[in-house]
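Me: I am new to this structure and would like a close look at one part of it, the largest pocket. Please describe what lines the largest pocket, and then set it beside the other spaces and the protein as a whole.

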Amino acid sequence: MNRHIYSCFGETIRSDFHLNLTASSGSAPATIEISAGETALPAHPEHAFEIQDDLLVVSYEQAGRFRIDAQGNIGASPRSWPPSSFFRHFVAMNMVGLSCLRRGRLVLHGSAVATPSGDALLVGESGAGKSTLSLALHYQQFPLICDDVAVMNLIQAPFVEHGVPYVKSWEDSLSVIGIPHAPLAYLSSSTLKCLVPFTPASSEMGLKRIYVLERGDAVRLERLSFGEAFPKLIEHTFMPRGIDLLGLQASHFQNLSRLLRHVSVFRLTRTADFASLEACVRLVGNDAST
């Protein structure tokens with residue numbers, strides 16, 4: 001069986017099957033191994049997390065069943081064989097992100113762009129507009145670093161690792177930005193979310209600002225104190241159920257505290273429609289570049 005070598009989230013990934021990730025020369029030893037197992041149809045309709053003999057087991061009906069060991073290696077059992085396109089994307093983004101979390105990395109539910117003065121991270125709940133705003137910023141000369149899953153490097157000054165080389169975006173969002181969706185692939189046959197390819201930028205200046213996206217009646221930017229920002233980042237942690245099951249709360253809180261010593265956090269309020277998108281792009285672009 002051919003082994004595929006990739007680079008993503010600051011990790012070297014070796015997989016039994018093809019993933020939509022940035023190929024690597026394979027000179028560095030793999031830090032995450034992805035092995036294909038038998039096909040399996042989970043009984044749970046949504047994410048189901050459990051611990052079995054020190055394995056973090058995740059079931060997802062649309063994709064399959066996954067087992068992540070203490071070193072972050074992934075055993076992946078697809079719902080059907082050959083693996084569907086959705087399965088490959090789910091492994092590349094969600095399961096590799098969860099593997100990074102198990103390896104002690106700080107992982108947030110957010111999208112990041114590079115600016116001349118430092119990187120900007122957009123966090124928020126699903127549907128808050130992270131991908132739309134980050135994609136709009138990308139087309140305004142603020143290169144995308146990652147979408148949806150943001151893995152931090154906290155060894156020195158914090159920066160965001162480059163992520164998967166595509167953005168998941170709804171057709172109406174692409175229309176507003178001016179990106180034709182006709183030539184794009186869809187995430188799955190049951191969704192109108194498209195996969196917009198891009199080349200992830202490298203973090204050159206480090207992470208400087210975090211914007212917490214929330215909905216309101218107008219566009220506003222408000223700086224948050226440490227006491228206000230800390231629970232917001234906890235709220236927008238990637239797959240927090242995994243942290244709870246693995247008992248990683250203490251190290252996770254330490255990582256968040258370390259991050260907040262180096263970055264400024266703002267609440268960015270936007271309206272529920274697309275009318276405020278241009279104003280948000282201008283506001284974030286100007287603020288993050290100062």
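Reply: The largest pocket has a volume of about 930 Å³, where a pocket is, on a 1 Å grid over the protein atoms alone, an open set of points with protein on both sides within 12 Å along at least five of seven lines, and a volume is the space filled by probe spheres set on the points, which are joined across faces, edges and corners. Its lining holds 42 residues, and the closest to the centre are Ser126, Gly127, Asp148, Trp170 and Lys193; a residue counts as lining when it has an atom within 4 Å of a point. Two or more residues of this lining come from each of α1 (85-102), α2 (130-138), β15 (166-170), α3 (171-177), β18 (207-215) and α7 (277-288), and α1 gives the largest share, 5 residues. Helices (H or I, at least four residues) and strands (E, at least two) are DSSP runs, numbered from the N terminus. By class, the lining of the largest pocket has 16 nonpolar, 17 polar and 9 charged residues, with Ala, Val, Leu, Ile, Met, Phe, Trp, Tyr, Cys and Pro taken as nonpolar, Asp, Glu, Lys and Arg as charged, and the others, Gly among them, as polar.

All of this describes a predicted model, in which local features need pLDDT of at least 70 and side-chain atom pairs count only at pLDDT 80 or more, while totals for chains, interfaces and linings use all residues. Residues are numbered from 1 along each chain as its sequence is written, and side-chain values use heavy atoms, with hydrogens and water left out.

The second largest pocket has a volume of about 200 Å³, and its lining consists of Ala136, Tyr139, Gln140, Val176, Ile177, Phe274, Ala275, Leu277, Glu278, Val281 and Arg282. Here α3 and α7 are the elements that give two or more residues, with α7 giving the most, 4 residues. This lining divides into 8 nonpolar, 1 polar and 2 charged residues.

There is also 1 cavity of 30 Å³ or more, a cavity being a set of points where a 1.4 Å probe fits but cannot get out. The largest cavity holds about 60 Å³ of space and is lined by Leu101, Gly104, Arg105, Val107, Ile243, Leu248, Ser251, His252 and Asn255. Helix α6 (residues 249-260) gives the most to this lining, with 3 residues, and the classes come to 4 nonpolar, 4 polar and 1 charged.

As for the protein around these spaces, its secondary structure comes to 7 helices and 20 strands. The radius of gyration of the protein, 18 Å, is close to the 19 Å that the globule rule gives for 290 residues, so the protein is as compact as a globular protein of that length; the radius is taken over C-alpha atoms, and the rule is 2.2 Å times the number of residues to the power 0.38. Along its principal axes, the C-alpha trace spans about 50 × 45 × 40 Å. Of the 290 residues, 54% are buried, that is, under 20% relative accessible area with a 1.4 Å probe and protein chains only. Among contacts (heavy atoms within 4.5 Å) with a separation of 6 or more, 64% join residues 24 or more positions apart.

Conventions: Buried means under 20% relative accessible area, exposed over 50%, partly exposed in between (1.4 Å probe, protein chains only).
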